[in-house]
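Please prepare a briefing on the side-chain links in this structure, grouped by topic and with the burial of the residues taken into account. The sequence and the model are shown first.

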Amino acid sequence: DPGYVPSPLIGKPAPEFSMPHLDDPQQRLQRSDLLGKVSLVNVWATWCTGCRQEHETLLTLAREGGVPIFGINWKDDGAGTGSETLWIPYAAVGVDEEGGTAIDWGVYGAPETFLIGADGTVLYKHIAPMTLAVWREEFMPRIAAARSGSGLQ
């Protein structure tokens, strides 16, 4: 795929970040919240059509409870984010209003989803709306490998 841009973060520690929570700006979402368990970081926005397309899939994944999903609400003006149902599948959502955190993660469009190992290492990056097929084919084998300690990237 000539449009695919691999992430330079694969195999490296996830970037340090600290953002206010969407539902409680007094709390912070930080890199340390990702540690100790395999997790997903999903970059989304209310203006993002692809984010709305993947919403049902993320709800399904959240209901199954296989891995926690952390959201980065990217370059949103805040309109509707408190009342929208888009943030419901997330364990927590950080607000990246100016886009600085997304830059550190190498994000160039939404949605993007990162698989993070329990040690905070970026294991995989998916660019485009998440689907159940992508989940099964790309994420599940990597999650199983991460949990078994084989280190599959």
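In this predicted model, R142 and E138 both belong to helix α3, which covers residues 132-148, and because they are four residues apart there, they are separated by about one helical turn. R142 forms a salt bridge with E138, in which the closest N and O atoms are 2.9 Å apart. A search of the whole structure finds two salt bridges, and the points below take up this pair, the link between E112 and K125, the surroundings of H126 and the disulfide.

**Salt bridge within helix α3**

- R142 has a relative accessibility of 17%, and because buried means under 20%, R142 counts as buried.
- Its partner E138 has a relative accessibility of 28%, which lies between the 20% and 50% limits, so E138 counts as partly exposed.

**Salt bridge between strands**

- E112 forms a salt bridge with K125, and the closest N and O atoms of this pair are 3.0 Å apart.
- Since E112 lies in strand β6 (residues 112-116) and K125 lies in strand β7, the pair ties together parts that are 13 residues apart in sequence.
- Both E112 and K125 are buried.
- As general background, side chains of opposite charge can pair when their charged atoms come close.

**Surroundings of H126**

- H126 lies in strand β7, which is made up of residues 122-127, and with a relative accessibility of 10% H126 counts as buried.
- The side chain of H126 reaches the backbone oxygen of P129 at a distance of 3.3 Å.
- When residues up to four places away in sequence are not counted, H126 touches P111, E112, T113, V134 and F139.
- One of these contacts of H126 is E112, the residue that forms a salt bridge with K125.

**Disulfide**

- A search of the whole structure finds one disulfide, and this disulfide joins C48 to C51 with an S to S distance of 2.4 Å.
- The link of C48 and C51 is right-handed, with an angle of 85° about the S-S bond.
- C48 counts as buried at 3% relative accessibility, and C51 is buried with a relative accessible area of 3%.
- In general terms, a disulfide is a covalent bond between the sulfur atoms of two cysteines.

Methods. Residues are numbered from 1 along each chain as its sequence is written. This is a predicted model: local features need pLDDT of at least 70, side-chain atom pairs count only at pLDDT 80 or more; totals for chains, interfaces and linings use all residues. Side-chain values use heavy atoms; hydrogens and water are left out. A disulfide is a pair of cysteine sulfur atoms within 2.5 Å. Buried means under 20% relative accessible area, exposed over 50%, partly exposed in between (1.4 Å probe, protein chains only). Helices (H or I, at least four residues) and strands (E, at least two) are DSSP runs, numbered from the N terminus. A polar contact is a pair of N or O atoms within 3.5 Å; within protein, one must be able to donate a hydrogen and the other to accept it, and residues adjacent in sequence count only if both atoms are side-chain atoms. Contact means heavy atoms within 4.5 Å. A salt bridge is a side-chain nitrogen of Lys or Arg within 4 Å of a carboxyl oxygen of Asp or Glu.
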